[in-house]
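User: Please examine the structure shown below and answer some questions about its strands and helices.

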Amino acid sequence: MERRRVDFREATGRLRLCVRTTLAFTGLVALCACRPAPQSAPAHADKVLRMVPQSDLEILDPVWTTALITQDHGYMIYDTLFGMDASGRVSPQMVETWDVSADKKIWTFTLRDGLEFHDGLPVTSDDVIASLQRWGQRDTMGRKLMSFVEGWEAVNARTFRLTLKEPYGLVLESFGKPGSNVPFIMPRRVAATPVSKQIDDTTGSGPFVFSKDQWRPGEKVVYLRNAKYRPRAEPASGTSGGKTVKVDRVEWVVIKDAQTAVNALAAGEVDLIEMPAYEQYPALESNAGIQMVEPNPIGAQFSLHFNHLAPPFNKETVRQAAMAALNQPAFLQTQVGIPGRYRTCFSVYPCSTPYFTTTGMDFIARPDVNRARQLLGESGYDGTPVVIMQPTDLAIIAKLPVVAAQLLRDAGFKVDMQSMDWQTLVSRRAKKDAWNIFLTGAGAEQVENPISNNMLSAACDKAFWGWACDAKLETLRDAFARAGDDQARKALAEQIQARAMEIGALVPLGEYVRGTAARRTVTGFVTGYFLVLWNLEKQ
Amino acid sequence: MTPIWRFLVQRVVSAITVLLVVVVMVFLLMRLTLDDPAAIIAGDSATTEQIQQVRESLGLSRPIVVQFGIWFGGLLHGDLGESFFYKKTVVQLIAQRLEPTLALALCTIVMAVMVAVPLGAIAGWRHGGWLDRMLMGFSTLGFSIPVFVLGYLLIWLVSLKLGWLPVQGYARLADGFSPFIRRLILPSVTLSLIYTALIARVTRAAVSEALTEDFVRTARAKGLPEWRVVIHHALANAAVPIVTVIGIGLTLLLSGVVVTERVFSIPGLGQLTVEAVLNRDFRVIQAVILLFSMTYVLVNLLIDLTYLVLDPRIRY
């Protein structure tokens with residue numbers, strides 16, 4: 001027994017020694033870890049703006065994809081001929097002067113002097129023409145414009161001419177469209193890449209230079225200030241005006257977890273969260289060091305889409321019955337729920353943009369479940385289950401299908417709501433017989449006119465998902481594209497909306513505004529259609 | 001051929017068979033899901049025609065057998081192809097994500113072993129005592145707390161309230177040891193809790209069982225000090241199950257600790273796998289699953305070889 005006690009003491013002593021050694025090692029590591037990280041910047045510290053982007057940058061070609069993150073990347077490194085200010089007016093950007101012939105068929109543009117690509121080569125007419133031709137093969141508005149184009153001509157290094165077969169009313173609007181696909185100007189050698197292939201040369205002439213060697217997918221994207229960029233003199237507004245860069249470097253820090261992003265902002269490890277989730281607003285707003293800003297006060301629009309090819313919504317009367325049951329406030333309160341961040345809008349165009357009208361919106365503006373039931377009874381609906389696709393991983397629209405399902409059930413529909421991730425929904429959406437309804441959201445810049453809003457397309461197989469097919473609606477959209485004055489366009493926009501509602505091309509479900517969370521040390525936000533990173537200052 | 005070489009050859013042959021089955025299964029499963037990466041790549045506003053263009057440019061319109069032939073041919077030459085999304089090769093993408101995952105896995109397992117083995121040995125030695133009961137309580141707690149809850153709690157306390165360590169991110173070792181270790185401590189502590197609990201439990205059981213053996217009684221009868229009996233006799237004889245559980249833990253860690261990587265925003269293989277699955281980036285999914293399978297096979301082989309060193313009675 002005595003022997004055991006002695007051994008125990010001895011063992012305890014050795015254990016203590018072991019513990020001490022471990023503690024010493026741990027202490028050394030802790031000391032190393034807890035002392036401030038060495039500052040790599042010597043005499044002149046670079047000003048670095050760190051932002052958590054809405055998603056990870058994956059594709060670098062803004063013509064190849066319509067992904068918003070690639071569009072944001074495009075605005076960092078490329079410039080455009082025209083921009084659109086916050087009031088929706090198209091303003092020159094790379095263009096200095098332009099004129100149009102009396103018959104409105106010949107447009108002549110002259111570029112600003114001194115425009116340079118990141119590699120030091122000047123931006124020429126040839127670069128512009130090649131870029132527009134590539135974009136025109138892909139973008140909805142671009143393809144419409146190209147169908148009117150007779151030819152392009154580089155008059156000299158800075159001047160180019162566009163000749164049309166007949167007058168087209170949206171030439172400047174096409175060049176200045178803020179939403180995807182944006183007609184960014186690239187060097188001719190890059191724009192010569194077939195549109196079916198991704199570009200991998202990221203040379204642009206925009207305010208930032210993409211640092212490809214520092215790009216780590218899933219981790220961070222780095223942009224450096226383009227010291228050679230010459231901003232316009234006008235104040236920045238939307239995607240137009242002076243794009244003055246006031247930091248040396250911008251880093252997009254990819255943080256997938258919403259709570260971790262908020263923690264990183266609170267700790268000052270990042271300066272901005274581009275699009276925090278609504279659930280994070282209370283935590284963000286209660287932090288004195290954080291401000292909520294609204295770079296896009298116009299907001300975005302929720303919408304519901306029927307599959308016009310699959311029963312039961314292959315019948316117009318069934319679509320109308322469903323539309324009578326849908327109730328904007330129910331969708332907005334459930335999905336957003338924060339007063340001031342949503343508003344009803346009985347129009348397919350954003351409520352604060354020029355083409356806003358309530359013409360033909362009876363179904364949506366005055367939802368009535370009894371009327372819906374009556375219409376459904378008259379339609380001869382045979383109880384075919386309505387498959388609604390719910391993207392559970394996309395918080396910004398995940399609750400909308402739940403509301404739609406309940407409202408449709410109340411109206412007498414048999415509903416089969418199927419949950420899936422967004423990418424499955426996107427894959428499945430392309431199949432014509434695999435669904436009946438999906439819901440989505442679109443930025444105001446994408447839906448502000450009947451041409452840029454491809455959800456209004458009724459060109460059958462070439463239409464937006466749901467494949468609406470209506471010759472009258474397409475004729476009206478063509479007439480809109482040709483219209484030469486604002487008054488005629490406004491009248492046509494009204495008719496287009498009325499017809500779109502009649503056939504149920506889409507159902508607008510109201511508007512929502514998503515803010516950006518930023519440290520209070522960040523100032524100089526530009527108001528427009530989305531967050532842009534020029535003009536931002538970091539104290 | 002000596003038995004050990006015969007054993008090695010058998011294991012390599014069976015490993016190649018396993019990997020071939022994995023390769024074929026993964027390739028077929030990816031294609032049979034009917035998911036379409038082209039629709040995802042083309043973006044939300046793309047038309048059917050644009051998606052078809054993307055599909056053709058990615059080679060997804062070809063017959064499955066042709067696609068498999070091209071991919072497998074590349075694999076035999078060490079070419080895993082290019083990601084559908086990033087203009088980077090799959091090898092480049094995996095190489096970028098390997099260091100964070102390896103660092104997190106090794107740091108976690110070292111922490112867990114350093115804490116769990118002594119604790120488990122003490123608990124086994126003092127079987128039924130207050131220390132044992134306390135350690136087993138801690139172990140149950142370790143199993144019960146979800147990783148993300150512990151992660152958020154540690155971030156709140158250590159990073160936001162005390163300001164000692166960064167909230168998120170990963171710094172490469174090449175950028176300096178201090179930033180590297182600063183960003184690794186919280187995720188490793190978070191993740192090591194469950195492994196500490198697991199290893200401690202196994203160690204306790206193995207040591208307490210070994211202490212009842214005749215050779216321990218003989219060692220004590222010879223008058224050896226108790227610490228020597230515990231460490232040199234009981235713990236050494238309990239090493240086989242402990243090494244097994246450490247090996248399994250390591251493979252689990254290497255094959256991606258998605259939740260921890262997400263909570264601490266560590267760009268490791270776990271996050272890459274999730275992104276690739278969500279994007280239907282087939283080539284990346286195929287490559288990472290192949291890598292994980294190889295890791296499992298290799299680690300299991302190493303464990304089996306370690307048995308030979310730890311227990312001379314084991315023969316293959």
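User: In what order do the four strands of the open sheet in chain A stand?

Analyst: This is a predicted model, in which local features need pLDDT of at least 70 and side-chain atom pairs pLDDT 80 or more, while totals for chains, interfaces and linings use all residues. Residues are numbered from 1 along each chain as its sequence is written, chains are lettered from A and ligands numbered from 1 in written order, and side-chain values use heavy atoms, without hydrogens and water. Strands (E, at least two residues) and helices (H or I, at least four) are DSSP runs numbered from the N terminus, and two strands pair if DSSP finds at least two bridges between them. The pairing is antiparallel and the order is E5-E6-E8-E7 (chain A).

User: Why is one side of strand E5 and of strand E7 of chain A left without a neighbour in the sheet?

Analyst: Strand E7 (149-154) of chain A pairs with E8(A) over five bridges. E5 (95-100) and E7 of chain A each have a single partner strand, so one side of each is free of a sheet neighbour: both stand at the edges.

User: What angle do helix H5 and helix H11 of chain B make where they pack?

Analyst: Axes are lines fitted to C-alpha atoms, for helices over the stretch in contact (heavy atoms within 4.5 Å), and angles run from 0 to 180 degrees between N-to-C directions. The axes of H5(B) (residues 90-125) and H11(B) (residues 239-254) lie 9 Å apart, and the angle is about 155°.

User: How are H5(B) and H11(B) oriented to each other, given that angle?

Analyst: Angles under 35 degrees count as roughly parallel, 65 to 115 as roughly perpendicular, over 145 as roughly antiparallel and the rest as oblique. The angle of about 155° therefore makes H5(B) and H11(B) roughly antiparallel.
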